[in-house]
Amino acid sequence: MERFLVKQAQGDQAGKGEQQEQTQEESVTLGKDPGGPRKRPRRDTADRAICGAGPRWQHIRAEGLDCDYTVLFGRAEADEIFQELEKEIEYFTGTLARVLVFGKWHNVPRKQATYGDAGLTYTFSGLVLSPKPWIPVLERVRDRVFGVTGQTFNFVLINRYKDGSDHIGEHRDDERELAPGSPIASVSFGACRDFFFRHKESRGKNPRRKVEAVRVQLAHGSLLMMNPPTNTHWYHSLPVRKKVLAPRVNLTFRKILPTKK
Ligand SMILES: O=C(O)CCC(=O)C(=O)O
C-alpha cells in the first residue's frame, strides 16, 4: 500500500525537483488538492459558524498516522509574517546551540528558540528551561491555528533552517512533556521543504516490518496538524536538501503539561 505525498500548494519554489534526493523510501503523489469537499478537522458546528468556510484541508492517513494539511496564510500574509519572525525571534546561542554526540560537541544544524506561557518549564539538552514570553507575531499565528482547528497551545518550538543544508534528524516529540491526546500544529514559512514520516517498526537497516514512508512538502504559509496517535507510531524528519538555497522557519505549537510543583 503506497502512501501520500502532499505537493507544494503555493509559494516558494525552492523545494522543487528535490525528489531525486530521497533515497531510503518511496512515496506516492497524492497530487495537488484532489478537489474533494471543503473539510476541516474541527467538528463542532457552532464553532464552524463562527469561523466561516475555513481553509481547504488535505487528510493524510496511514496506519497509526493522522495528519491534516492546509495552506493557512496566503502569499502576502505569509511573507509579512516571515519577515517579522526573521526580525523578532531570538534564537538559542552558546551551549544550547550545540549538541554532544558520542563525546564530541557539534553545532545543532539549525537555529532553535522556544516561547510560551509564563510558569512553564521543559527539558532541553538535559537542562530545565523556561520559554520566552509570547510576542505578537507568534500570538497571531497561534490564534489563527486556533481559529481553524479549535486547538489551544501553550508553547511553541521554533526551528530556523538557513538553507537546505540545515535539517532535523528522525525523532519523535517528547511524549512525557506533551499533554496526552493533544495534537502538534506545525506552521512553516519560507522555503518549501520535504518532511518525512517513518513508522517506528520500519526504521534502520533491518526493520521489523516494511511500512511505506510518508512524504509531505511543507509550503510557505502551510499548517500541518499532527494528530494523535501519529507521534506514538511515527518518527519525523526534515532531511538535507542541497538545492534549497532559501531560509525556512518552522513553528511547532504544542500543549505541554504544567510543571509539577
Ligand atoms: O521543521 C520542521 O518542519 C520539523 C520540526 C520538528 O520536527 C519538530 O519541531 O519536532
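With which residue does Arg140 form a salt bridge, and how far apart are the closest N and O atoms? In this predicted model, the partner of Arg140 is Glu77, and the closest N and O atoms of the pair are 3.0 Å apart. Because Arg140 belongs to helix α3 (residues 136–149) and Glu77 to helix α2 (residues 75–88), the contact ties together parts of the chain that are 63 residues apart in sequence. Both ends of this bridge fall between the limits of 20% and 50% that bound the partly exposed class: Arg140 has a relative accessibility of 28%, and Glu77 has a relative accessible area of 22%.

The salt bridges of the model number 20 in total, and Glu170 takes part in two of those described here. The side chain of Glu170 meets that of Arg198 at an N to O distance of 2.6 Å, a pairing that links strand β11, where Glu170 lies, with strand β13 (residues 193–199), where Arg198 lies, across 28 residues of sequence. Glu170 is partly exposed, with a relative accessible area of 30%, whereas Arg198 counts as buried because its relative accessibility, 12%, is under the 20% limit. Glu170 also forms a salt bridge with Arg203, in which the closest N and O atoms are 2.7 Å apart; here strand β11 is linked to the loop between β13 and β14 (214–218), the two residues being 33 positions apart. Arg203 is itself partly exposed, at a relative accessible area of 30%. Elsewhere, Glu63, Glu201, Arg208 and Arg209 are joined into one network by salt bridges that share partners.

The largest pocket has a volume of about 750 Å³ and is lined by 35 residues, with Gln112, Phe124, Leu157, His171 and Asp173 lying nearest its centre. Two or more lining residues come from each of the strands β4 (98–101), β6 (111–116), β7 (122–124), β10 (155–161), β11 (168–171), β16 (234–238) and β17 (248–254). When the lining is divided by class, 15 residues are nonpolar, 12 are polar and eight are charged.

On the surface, Val99, Val101 and Phe102 make a nonpolar patch of about 320 Å². Val99 is placed in strand β4, one of the elements that contribute to the lining of the largest pocket. With a relative accessibility of 32%, Val99 counts as partly exposed, and this value is over the 30% that a residue needs in order to belong to a patch.

Conventions. Residues are numbered from 1 along each chain as its sequence is written. This is a predicted model: local features need pLDDT of at least 70, side-chain atom pairs count only at pLDDT 80 or more; totals for chains, interfaces and linings use all residues. Side-chain values use heavy atoms; hydrogens and water are left out. On a 1 Å grid over the protein atoms alone, a cavity is a set of points where a 1.4 Å probe fits but cannot get out, and a pocket is an open set with protein on both sides within 12 Å along at least five of seven lines; lining residues have an atom within 4 Å of a point. Grid points are joined across faces, edges and corners, and a volume is the space filled by probe spheres set on the points. Helices (H or I, at least four residues) and strands (E, at least two) are DSSP runs, numbered from the N terminus. Ala, Val, Leu, Ile, Met, Phe, Trp, Tyr, Cys and Pro count as nonpolar, Asp, Glu, Lys and Arg as charged, and the others, Gly among them, as polar. Patches are made of residues with over 30% relative accessible area and no salt bridge: like charges are joined within 9 Å, nonpolar side chains (Val, Leu, Ile, Met, Phe, Trp, Tyr) within 5 Å. Accessible areas come from the Shrake-Rupley method with a 1.4 Å probe; for residues, only the protein chains shown count as cover. A salt bridge is a side-chain nitrogen of Lys or Arg within 4 Å of a carboxyl oxygen of Asp or Glu. Buried means under 20% relative accessible area, exposed over 50%, partly exposed in between (1.4 Å probe, protein chains only).
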